[in-house]
Amino acid sequence: MAKTVKEYGNESITQLKGPDQVRLRPAVIFGSDGLDGCEHSVFEIISNSVDEAREGYGKKIIVTKYTDGSVEVQDFGRGAPVDFNNKEQQYNYVLLFETLYAGGKYNTNNGGDYEYSIGLNGLGLASTQFASEYMDVEIKRDGFKYNLHFEKGYNIGGLKKEPYAGKDTGTKTKWKPDLNVFTEIDIPSDYFIDVLKRQAVVNDGLVFIFREQQGSRFVEKEICYKNGISDYIEELVGEEKLTAVQNWQTERKGKDREDKPEYKVKINAALCFSNRKQLKEYYHNSSWLEYGGAPEKAIRNAFVYQIDAYIKQQNKYSKNENKITFQDVEECLVLVISSFSTLVSYENQTKKAIKNKFIQEAMTDFFKHQLEVYFIENKAEADKIADQVLINKRSREKSEKERINIKNTLQQKGSDMVNRVQKFVDCRSKDVSEREVFIVEGDSALGSCKLARDANFQAIMPVRGKILNCLKSEYDKIFKSEIITDLIKVLGCGVEVKNKAKDLSTFSMDNLRWNKIIICTDADVDGFHIRTLILTMIYRLMPTLISEGKVFIAETPLYEINTKDKPYFAYDEKEKAEILEMIGSQKYTIQRSKGLGENQPDMMNLTTMNPATRRLIRVLPEDAEQTSMMFDMLLGDDLQGRKDYIAENGHLYMDDLDVS
């Protein structure tokens, strides 16, 4: 079939105009057409009010979330200029609300109306208006009240202006993000609280009020940090500090390049060290730099350089010990930087990182100097910092060594791997969807299970005695246990080790060699203990096997009741009573079930291994938390809790004990 030729000519080129510049390509401005893009559009309006407050106009900002998804932001600043602009020969409301790249923040470095501004590009306000289902604006300034109404990017009714005798000024903007632009507009309350808290942190004393509509009423939350980032760090760390909170400030002037304009930078930092908390947050012109950029690079350089120098000076390194890394420092560092500059280069419109060369250089030099002076004047605190960083470093290196040992343990695969696991009996099938592995206790159970199994798809892995308690043991001890490493090899999926060493987790469900992992132990106290220890191992090292429903417990009968016609098996006292009632006056013999190793193969097949007649208990995902609590109580360090539990529940298990 001939391919249709599409003409690409002069008429193929088109231009997006007006609201379509945003409505058809919202991700270009907001970073996404999803919920996070919608959230960023809200931040654009809030940031305009914050810029006003930082310049000294207004001490309060009110943000309201309505049940229909609409949002309102009210400030008490000067009020946005919306009347006719003789210089541009256009109404300012057209420039601000309907024109991209128009605004009052292009002259921050030359004495303009805004010196330190979140907004720079003249995009946020118009873009949010273009992306809204509707937007209503009320502005009070110069003795007048102005009202504007927009629908889907277009002004409806022009500018309405009337005299206003009140003395308050400011801008109130209410709008509803458009579901035709964003895939989702139901912004969670947590987002508003998080954004307003971050703005309160870096704008000392500015009061934010978040109002949320709940039915016919509004619930209010006030957020304010009188002393900004210092109060924030005190709130976060509390008493869990190694050192006192430091507040460092400076102002610098410089250029990103010799031929570029000079600009001003203000740096405000609050920090302390803690062995319980860690935090790094960077803000520039009050915008949270989620990805850091220049401040992150400066901190990495300055802190590693100065702390390493102090450790060397105090001879705290062991002989031939490696140098610290930033990972070791940040593990105990609590730091917030709020910087401002009259020129700034963000990575993009979402303002999540800055890349100014001079800002990075100024911060690096400033923090090196401040740390050097701080260490000289506060030797006791400097020693605490150095010692904690060295603890972090040595712990990291130990974990890295463990990671390598684990990796080496798990690297063997396939038949070569299983051949090296003593007494493991594999099955013939290579189809993972039908393969089962029975984890049984001891060599005697191995013998009877081996004879009772279906060798096509059932494998047997014996464990010798009680395995190590993985809940209480360190990883290096766990992975020295031959029983545990053999089990890991047989399962094949690796381990999920929650550890700070990078790339320590080697777990993959794709490498699991079994459809079912079946724990099969005797129906007595020792069997229960061994089963619990095996489950503990799986829970700690590979919990996804439980959440994915791959782990089972094979129920074994407590009693064998034989009649002339057939044998019956009772798995508990209730079943025993029901069977005895059912057989009535027939002659029978009743025998307490023997250990797995003493059972005849045909009985083992019938009661434990045959999929048609056996009973399996799946270890369910919803049991994970309860299981964890039980493991902690039975096998953890809470000795009193264990005693209390045994005193309260021990009678339930007495039937399983041989007290003769």
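1. A residue is termed buried if its relative accessible area is under 20%. That cut-off applies to F192, which has a relative accessible area of 2% and is therefore buried. The model under discussion is a predicted one.

2. Aromatic pairs are the main subject of this note. The count for the model comes to 17 aromatic pairs. One of them joins Y91 and Y93, whose ring centres lie 5.6 Å apart. The planes of Y91 and Y93 meet at 40°, and the pair is classed as tilted.

3. The two members of that pair may be considered in turn. Y91 has a relative accessible area of 33% and is partly exposed. Y93, with a relative accessible area of 10%, is buried.

4. Y191 and F192 form another aromatic pair, this one edge-to-face. Their centres are separated by 6.1 Å, with 75° between the planes. Y191 has a relative accessible area of 18%, under the 20% cut-off, and so counts as buried. Its partner F192 is likewise buried, at 2%.

5. Ring pairs also build a cluster in this model. Its members are W248, F303, Y310, F366, F367, Y374 and F375.

6. Two tryptophan rings deserve a separate remark for their charged partners. The charged end of R198 is placed over the ring of W288, at 3.6 Å from the ring centre. R435 lies over the face of W514, and here the distance to the ring centre is 4.0 Å.

Methods: Residues are numbered from 1 along each chain as its sequence is written. This is a predicted model: local features need pLDDT of at least 70, side-chain atom pairs count only at pLDDT 80 or more; totals for chains, interfaces and linings use all residues. Side-chain values use heavy atoms; hydrogens and water are left out. Rings of Phe, Tyr and Trp (its six-membered ring) pair if their centres lie within 6.5 Å; planes under 30 degrees apart count as stacked, over 60 as edge-to-face and the rest as tilted. Buried means under 20% relative accessible area, exposed over 50%, partly exposed in between (1.4 Å probe, protein chains only). A charge sits over a ring if NZ of Lys or CZ of Arg is within 6 Å of the ring centre and within 35 degrees of the ring normal.
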